[in-house]
Number of protein chains: 2
Amino acid sequence: MRDAYHEELNSIGTDLVDMAQLVSSAMRRATTALLDADLALAQGVIEGDEQVNALQHALENRAIDLLARQQPVATDLRIVVTSLRMSADLERSGDLAKHVAKLAQLRAPGRAIPDDLNDTIGEMGELAQRLMNQAADVLVSRDVDRALAMERDDDHMDTLHRTLFQHLLDKHWKHGVETAVDVTLAGRYYERFADHAVAVANRVVYLVTGEHADTLTPPPVIPAGNLP
Amino acid sequence: MRDAYHEELNSIGTDLVDMAQLVSSAMRRATTALLDADLALAQGVIEGDEQVNALQHALENRAIDLLARQQPVATDLRIVVTSLRMSADLERSGDLAKHVAKLAQLRAPGRAIPDDLNDTIGEMGELAQRLMNQAADVLVSRDVDRALAMERDDDHMDTLHRTLFQHLLDKHWKHGVETAVDVTLAGRYYERFADHAVAVANRVVYLVTGEHADTLTPPPVIPAGNLP
C-alpha cells in the first residue's frame, strides 16, 4: 500500500520534470522561430503546448486522487500541494513560449526582432531555457544551493530586459512603433518565463528547508581562475 | 467537529471573496492613478498589495491545515484544491494592479497614457474591475449563468485591447516609442487581469457543474428593449 503510494508521489515529481523539460525545449524552439522567422518551427511550438496542458491536467487529477485516497499529512501533503502550484507555473511557462512563437508567426515572412536586438533576444531566450533546465534539475536533485544560484541568472535576465528598454527608449530608435510593441512583448514573455522557472526552484527550496528562498544566502561565486 | 470543519471551509471562501474585492479596488485605484498621474494613489496601491499577499499566504496555510486535519474527500477536496488555484489567480491579479500603479509612478508628473487613449484605457480599467467584482459575486452565489455571462465582458476586453493596438500601429501615431511601450504594457496588464477574473469564475463553474466552462452555453443576451 505505502509502496504504491510513494510510487504515485514519485510519478507526480516525474510529470513535473517532464513538463519543465518540455517548456524549456518549447522556449528554445520559439526563440529560434522568432529570430529566424521560421513559421513551421513556430507552428510546432504552438501545437506542442497541448501536450503541456494535458500533462498538467493529468498531474492535477493524479494529485487530487492521491489526496483523496491516501490522505497524506505533513511533508507529503506539502509536496502534493506544492506540486499543484508548480504545475501551474509550468503550464503558464508553456503559454509564454507559445506567445513567443505567435509573435514569430505574426510578422512572418518578416522578422519581428530587428538585427541589432538579435543578440539580446537570443541571450534572453537562451537564459530562459537554461533557467527552466535548472528548475528541472532542482526538481530531481532537490539541491538547494543550485536553486539559490538561479537568482544570479535571473538577475542577468533583468539586466538583459533593461538593455532591451534602453534600446527601445534610445532617441535613435529607428525601427518604428510596431517593432517597439513586438520587442516590448517579447521582453515581457522571457522575463515572466524566467520568473516561473525561479518560482519552481524556490518552491523546492521551501519544501526541503522550510524556509523561503529570499531568506537564504546563495552559495558564493567561485571565479573560474580560482578553480583547482 | 464537522461544524468546525464547514466553518473552516467557509472561511476559505470568505478569504477568496475578500481577495477578489481587494484586487478589484486596487485595479480601480491604479487606473485612476494612471490616468491622473496621481502618485499618492499609486503608492497606496503598491503598498496595499502586501495585504493581498498576506491573505493568500493565510489562505494557503489554512487550506493545507484543513487537508491535514480533516482529510476531506470528493467535492470538499475539490473545493479546497480549487481554492488554492483561485487564490493564486487573485494574488497575481494584485500584482498586475501594482504594475499599473508602477507605470503611473514611472512617468509622473507626466501622464503615461496620451489623451486620445484615455477613454480606451479608462474603459479597460473599468471592465477589469467589473469582471473581478463579478468573480467575487460568483464566488458567493455560485451562479453558473452569471459566470458564463462574464465571457462577453471578456470578449469586450479583447476588443478594447485590439483598439489599443490599432492606435499604436496607426501610421499617424505621434506619441513616440516610450509611450507606445507604456501603452503596450498597460494593455497587457488589463488583459491578463481580466483573464484571471474569468479563470476564477470558470473554476467555480467547474466545481458546481463538473464541466469546463468552454463546453457550456452562456445564457442568451436579452436586449434592454425586450425587458418587461
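**View 1. Helix α2 of chain A from end to end.** In this predicted model, helix α2 of chain A covers residues 39-70. Its 32 residues, at 1.5 Å a residue, should span 46 Å, and the end C-alpha atoms are 47 Å apart, so expectation and model agree. Just past the helix comes Gln71(A), which has a positive phi, near 45°.

**View 2. The buried residues of α2(A).** Follow α2(A) along its length and you will meet these buried residues: Ala42(A), Val45(A), Asp49(A), Val52(A), Leu55(A), Gln56(A), Leu59(A), Glu60(A), Ala63(A), Leu66(A) and Leu67(A). It helps to remember that an α-helix has 3.6 residues a turn, so residues three or four places apart point the same way.

**View 3. Where chain B touches chain A.** Here 21 residues of chain B meet 21 residues of chain A. On the chain B side, at least two residues come from each of α2 (39-70), α3 (74-107), α5 (144-169) and α6 (176-209). The biggest share belongs to α6(B), which gives seven residues. By character, this side of chain B holds 15 nonpolar residues, two polar ones and four charged ones.

**View 4. A look at Asn133(B).** You will find Asn133(B) in helix α4 of chain B, which runs over residues 118-141. Is Asn133(B) buried or exposed? Neither fully: Asn133(B) counts as partly exposed because 16 other C-beta atoms lie within 10 Å, while a buried residue would need 20 or more and an exposed one 12 or fewer. Gly13(B) is 120 residues away from Asn133(B) along the chain, and their C-alpha atoms are separated by 15 Å.

Note on methods
Residues are numbered from 1 along each chain as its sequence is written. Chains are lettered from A and ligands numbered from 1 in the order in which they are written. This is a predicted model: local features need pLDDT of at least 70, side-chain atom pairs count only at pLDDT 80 or more; totals for chains, interfaces and linings use all residues. Helices (H or I, at least four residues) and strands (E, at least two) are DSSP runs, numbered from the N terminus. Two residues are in contact if their C-beta atoms, placed from the backbone, lie within 7 Å. Ala, Val, Leu, Ile, Met, Phe, Trp, Tyr, Cys and Pro count as nonpolar, Asp, Glu, Lys and Arg as charged, and the others, Gly among them, as polar. The expected span of a helix is 1.5 Å times one less than its number of residues.
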